[in-house]
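Work through the exercises below with the coordinates at hand. Each task is followed by a stepwise solution.

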Amino acid sequence: MNYVMPSPLYSPARSVISPSSSGKGSTLVVDDPGTRASEKAGETKYSWTMLAMCVVTTSLTSLLLGYDVGIMSAALPLMRESLELTSFQVGVIAGGLNFIAGVGSVPFGILADWLGRRTSMIWACVVFATGTALMSGSTDFVVLLIARAAMGLGVGATFVIAPVYLSELVPAEVRGALVCCFDICINVGILLGFAGGYLIDTGIDASADFKWRLMIGVGVIPPVAIALAAQFLPRSPRWLVSHGLRAEAEFALSRVVPDARHVAEEMESMIQATMKENSASYAQVIFPRTKSMQRALHITMGLSILQQITGSEAAILFTPMILRGAGVTSTSTQLLWALPVGVAKLLGELISVPLLDRVGRRPLLIAGGFMQFICLLGLTVAFIQRWHWQYLILIISGFMLSFEIG
């Protein structure tokens, strides 16, 4: 995927939110030392309402993955019983989405360069919704696998396209909060999935087959809502400029920067950046030439792999099954006591966000990693010693809390 380098206007040193002079809402006022000469004619102001719509809508794409993880935790036991799946098939269905998501991000990255960020994001939501609907109506393992593949493509695409779209549209000072928005939406989605599964299981008098299909089918609503809401968002002005669509870029930018003079300045900066832009191939990204970039890549990949190896997602997906193995036979009880796990995961995220700048990333990473080790060790002992299932919930919740802190 190609990127257009940010201009000075979109790399502010300081930005604040101030009330609008008309009294209708507020605007984002950006102060940059490099542009103070031009500030005599007026400060740079942004449409905070439009920026908020862009951030909220695109951040909700991460809710798709969160809801899927949470609802699959509730649906898997019922699905296994209804379709008579083996343990291996259950594992493939549960974990296959992440694998396909990693592979699916590549073609959609190319598509985003061709069709544009917003359009590609909409199509990714359509693909995810189609896969969800297909999974809800699945009759055997093969159809389930095809449906999960489609869902994985949609999730992988949105995780690539949405951040790029925002980085090309919103001011630099706002971008720093986007990572937190994405992570929080994932955890909110997980909690909604847990809660939705419990409510459907306890609130509807129907067969297990109908319940798991309804649980999965409800997941069609978020991607459809995101696709509809995205229709009202501006297209990426930087992508438009890179494709020679200057008039369309000016219109898109004017929806975020309602000031003709600053729109003209930003347009000129983006045009200059596009002319100097150098496209990097995937090979150059994966195999950087400089040692500093190689070291950074290795650290990033190592931390990402280690993060997944801890088995945090597996702990969420199989919490009801873990409780069943511990002697909890009631499905409603399994789903009810899975809720504290989702709450702990969201709580850990909310605790870590304000501590990132105060304590630092590295101390939190070390503390969270040590806490995860203690919890996993405790979980192992609990299984061997056959502790009461409520201790298992406490340990798993502590593990998810420490995972988010680290």
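Buried means under 20% relative accessible area, exposed over 50%, and partly exposed in between (1.4 Å probe, protein chains only). The model is predicted: local features need pLDDT of at least 70, side-chain atom pairs count only at pLDDT 80 or more, and totals for chains, interfaces and linings use all residues. Residues are numbered from 1 along each chain as its sequence is written, and side-chain values use heavy atoms, with hydrogens and water left out.

**Exercise 1.** Place V220, classify its accessibility and list what it touches.

Step 1. Helices (H or I, at least four residues) and strands (E, at least two) are DSSP runs, numbered from the N terminus. V220 sits in the loop between α8 (208-217) and α9 (221-230).

Step 2. The relative accessibility of V220 is 23%, so V220 is partly exposed.

Step 3. Contact means heavy atoms within 4.5 Å. Leaving aside residues up to four places away in sequence, V220 touches A129, T132 and A133.

Step 4. Between the C-alpha atoms of V220 and T132 there are 6.0 Å, while the two residues are 88 residues apart along the chain.

**Exercise 2.** Find the loop and the accessibility class of E84 and of R386, and state the phi of each.

Step 1. Most residues other than glycine have a negative phi.

Step 2. E84 is not a glycine, yet its phi is positive, about 55°. The loop between α2 (61-83) and α3 (87-115) holds E84, and its relative accessible area of 69% makes E84 exposed.

Step 3. R386, also not a glycine, has a positive phi of about 55°. R386 is located in the loop between α19 (361-385) and α20 (389-405). With 73% relative accessibility, R386 is exposed.
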